[in-house]
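Me: Got a minute to walk through a model with me? I'd like to go piece by piece and ask as I go.

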Amino acid sequence: MSNFFEKSDISRSEAENIISDTLQKCDDGELYIENSKSESILLDDNKIKNSSYNSDLGFGFRAISDEVVAYSHSNEISKNSLKQSSENLKSTLKSVKGTYNHEIPKSNKKYYENINPIEQKSLNEKIKILNEVNNYLRSKDDNIKQVTANFLGEQKSVEIIRSGGETLTDVRPLIRFNVSVMLEKNGRKETGVYGVGGRQSYDSYLKDDNWKSVCDEALRIASVNLESKPAPAGEMKVVLGPGWPAILIHEAVGHGLEGDFNRKKTSAFHNLMGQKVASEGVTIVDDGTIDNRRGSLTIDDEGTPTEKTVLIENGILKNFMQDRLNARLMKTKSTGSGRRENYRHIVLPRMRNTMMLSGNQTQDEMIKSVDKGIFAVSFGGGQVDITSGKFVFNCTEAYEIVNGKIGSPIKGATLIGDGPSILKEVSMVGNDMMMDPGIGTCGKAGQGVPVGVAQPSILINKMTVGGTKL
Amino acid sequence: MVKDQEFLEKKASYCLGLAKKLGATESSVIVNNSVSETVNFRNKKLDESNRSDDLGISITTYIGKKKSSISSSNLIDDNLNILIEKCVETTKNTPEDEFNSLPDKDLLAKEVKDLNLYDDTHIENDQKIDYLKKLESAASNDKKIVNTESSFTQNKSNFILANSGGFCAGYKTSSFTASSVTVAKDEKSMERDYEYSSKCFLKDLDDAEELGKQAADQTIKKLSPKKIGSEKIAIIFDKRIAKGMLSTFASAISSSAISRGTSFLKDKVNQKIFSDTINVLDKPDILKGLGSRNFDSEGVKTDTLKLVEQGILKHYLIDTYNGKKLNLKSNGRCGGTSNLYFENGNISFKDLLNSKSKSLYITETIGHGSNIVTGDYSVGATGFLVENGEFKYPINEITIAGNFKDMFQNITLANDLEFKYVTNSPTMMIEGMVVAGK
């Protein structure tokens, strides 16, 4: 157990009393305490530009009565501060008459080690690798005009104290290694970006000069883009490569299947439970239980153990992703999807690792079947309008397909589609499912949380490509 | 209550003193406190209350030309001792960079003017609830509105910026923000839109009913949208989207992008990058301005900059580090622009709508489709088809694309500028962009 109360003027049992007193007639709620340590080391323009360290400590106190959430957070773990938060909560929830739900599932499974990645590798070693990255890349190609490489490391310790004193804890490591390259040739500039990461030590991702393959990939993408032509504009067939392009799934259907939007009936999916929302052969799960993945969690931020939630099974909508609040109001159970960026934020139902499972077809078959279309290999980011269902994502590596063959690379373009109908346009599902390299951050209501995605190659019959060539 | 100047100054000078004792040759520190209280409503009922009390400190230490920084939300001396020791230790192990330094002393702000950025008024949650009740009742008048969410936030902040060169200043700011998000539904579609108001002073905030009604009207207008064909067409950007063009422009002229060579506007100073009639200003001393400030995040004084004059780029946005690298003086833009805006054009909103027989009026864009290295732009968009000055029908599931280099040269601005956001633009028309639809 951590020592959050050690250096404060309040003991754990005093805190427990305040929590129980505040929540006694509420339906749910807890004190969430968090201590995170993070570092960022950045090489840019041939120099170590930044070496910074952050230590963040605070609590968030939440009380829920029926649909109403009262929340108060502070950095000071002290008697005064906790009492003031308690008063704030009580003044919002003036006449509560609920029954506190003590039930919370238990599990002994852990999906990552209790380590602090920052301490496991010295600053000098990290700086040495970043310099090697810079030298390696600049010696590979004379057209390289800029190299940026950085390490981000974090250890987050959380403790959730519920009414009655029940306490749940988790220690979460997370690292990310990123490389960005800019090439300039004949007055034209293009960039390529690649990265890896997850809930393990830096060395798990860097061993055997593995960092070189990250560099090579960033350089390859930049080189491809240097030869790219303007992208076409209009509706056409789209083949998506495996892995990271699954942010299409994340944007197109993932957000729309989060419990809060469906309880409020503001999601385009809210009345489609049990109905066919995707082509046969399309199965999508959201899984928090994959070892060491960026989106994995041993327990969510309400203390519920995570699970593998089937969202769409063979085309049929099966489940939404739920936190405790939305689950209670929709008369179902939490799927362990209650997450928050940190103690400053309320819990929302969020994705973890969202994956479309493999089918039987090959990527070759897909490409061969397309007369005119595009083949999208890598994406920047995406966004969705939950209510209208329209979503976009930006290609960072894509090619035209002409008469069943991959043609020239095309410039970055936005693709737009309609969430509830796009999965019905999936006409082939590949046998090559792949996880993303561990770089995703999902934003919702101003909160960013680490997530993962996975998918096989897929063929979509019709999407609008936002290029400039008519 | 937000922490007073005395408390913040004491913490700041403690940190500077300790850093010096531990071997730092120079150091700077920012201490801030921000207290926010928010009430959220949904469908005319209380949905959430949220109080946040955030403390933060960030310290940068230098040993000669070596530099490192730490930040924390835990201001207890014990913790600061550990962190500053760690920071100085990391500084020793970080390679030198010849351009690292505190700002030149003669550039630092000498006085802190009262820009009218702090309203001492405290609005109780019950009063926020009254405001939101009025707002939501106005927002849900029409039966087509099926969901309303609204929110009211009061924020009070205070900060101190100090460095080992003797600079020490800070001041309080406040903001009051109300917003309304509505969802409308008909047989064919469900759409969402919003409206909001944010001011330094409570009494300047928009009327609750007006805000709710506007959000609802804008949402209902979007129902039953159509998709149009792919074509080249003039695009009119609503003010709330047009300001995004300025934000992209600001990132492209930041001295960091310029010195790294990663901007399509590198080496363009004194060249014509916009159409002749375009002027861009960054004015930090607007009273009650949402982006107003006395100095930048390094303490350098900020004067008004005419960034673009008759289409010609006059300045980059320069901080100390990148300034030294580019051999230019900081113009107080570490941390970005203040109140950035396009000056008004010569044509009324109505005449702008009328200027083409057919155009697209864009009210929302989605996606991260601005590339400041190449200038390429491609985003998803929602809006209306305009024919002969009249809004014909709503449009969605389209993209709009172009390249900023061409887009900037083809801008026409209306004369309807208002200071609603931090960055502001009049309604904007850009010719020659490509719409991708059916």
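What follows is a chat about the cores, the domains, the chain contact and a few single residues.

Me: Before anything else, what kind of model is this?

Reply: It's a predicted model.

Me: OK, cores then. How many residues does the largest nonpolar core have, and which ones have the most contacts inside it?

Reply: That core has 207 residues. Ile374(A), Ile235(B) and Ile236(B) have the most contacts inside it.

Me: What does Ile374(A) touch, leaving out residues up to four places away in sequence?

Reply: With those left out, Ile374(A) touches Met236(A), Val238(A), Ala398(A), Tyr399(A), Glu400(A), Ile401(A), Ile410(A) and Val465(A).

Me: And the second core, which residues does that one include?

Reply: Ile30(B), Leu55(B), Ile59(B) and Phe159(B) are included in that second, separate core, which has 27 residues.

Me: Switching to helices. At what angle do H1 and H2 of chain A pack?

Reply: About 5°, with the axes 10 Å apart. H1 covers residues 12-23 and H2 covers residues 79-92. The two helices are therefore roughly parallel to each other, since an angle under 35 degrees counts as that.

Me: Which residues make that contact?

Reply: From H1(A) you get Glu14(A), Ala15(A), Ile18(A) and Thr22(A). H2(A) brings Lys79(A), Leu82(A), Lys83(A), Ser86(A), Leu89(A) and Lys90(A). Sorted by class, the H1(A)-H2(A) contact has four nonpolar, two polar and four charged residues.

Me: Now domains. Where are the bounds in chain A?

Reply: Domain 1 of chain A is 123-157 + 169-226, and domain 2 is 233-466. Their C-alpha centres lie 26 Å apart.

Me: How many residues are in contact between those two?

Reply: Twelve residues of domain 1 of chain A are in contact with 14 residues of domain 2 of chain A. On the domain 1 side, strand S5 (167-185), strand S6 (188-198) and helix H5 (210-226) of chain A each supply at least two residues. S6(A) gives the most to that side, with four residues.

Me: What's the class mix on that domain 1 side?

Reply: The side of domain 1 of chain A that touches domain 2 of chain A has four nonpolar, five polar and three charged residues.

Me: And the domains of chain B?

Reply: The domain assignment of chain B gives domain 1 as 5-221 and domain 2 as 231-244 + 344-436. The C-alpha centres of these chain B domains lie 30 Å apart.

Me: How many residues does each chain put into the contact between chain A and chain B?

Reply: Chain A puts in 64 residues and chain B 59 residues. On the chain A side, strand S2 (residues 47-65) has the largest share, ten residues. By class, the side of chain A that touches chain B has 18 nonpolar, 29 polar and 17 charged residues.

Me: Let's do single residues. Is Asn158(B) buried or exposed, and why?

Reply: Asn158(B) counts as buried because it has 22 C-beta neighbours inside 10 Å, and the cut-off for buried is 20 or more. Asn158(B) is found in strand S4 (residues 145-163) of chain B.

Me: What does Asn158(B) touch?

Reply: Not counting residues up to four places away in sequence, Asn158(B) touches Val2(B), Lys3(B), Gln5(B), Leu8(B), Asn32(B), Asn33(B), Gly170(B) and Lys172(B).

Me: Same thing for Ser198(B): where does it lie and what does it touch?

Reply: Ser198(B) lies in strand S7 (residues 190-199) of chain B. Ser198(B) is partly exposed, with 18 other C-beta atoms within 10 Å. Leaving out residues up to four places away in sequence, Ser198(B) touches Ser175(B), Thr177(B) and Leu290(B).

Me: Last topic, backbone angles. What's the phi of Asp208(A)?

Reply: Asp208(A) has a positive phi of about 50°, although it is not a glycine. Asp208(A) is found in the loop between helix H4 (202-206) and H5 of chain A. With 7 C-beta neighbours inside 10 Å, Asp208(A) counts as exposed.

Me: And what about phi of Asn270(B)?

Reply: Phi of Asn270(B) is near 70°, a positive value in a residue other than glycine. Asn270(B) is in the loop between helix H6 (255-260) and strand S9 (280-282) of chain B. Asn270(B) is exposed, with 8 other C-beta atoms within 10 Å.

Terms used
Residues numbered from 1 in each chain as written. Chains lettered and ligands numbered in written order. Predicted model: local features only at pLDDT ≥ 70, side-chain atom pairs only at ≥ 80, totals over all residues. Core = buried A, V, L, I, M, F, W, Y, C linked by C-beta atoms within 7 Å. Buried ≥ 20, exposed ≤ 12 C-beta atoms within 10 Å, placed from the backbone. Contact = placed C-beta atoms within 7 Å. Axes fitted to C-alpha atoms, helices over the stretch in contact; angles between N-to-C directions. Parallel < 35°, antiparallel > 145°, perpendicular 65-115°, else oblique. Nonpolar A, V, L, I, M, F, W, Y, C, P; charged D, E, K, R; others polar. Domains from an automatic or database assignment.
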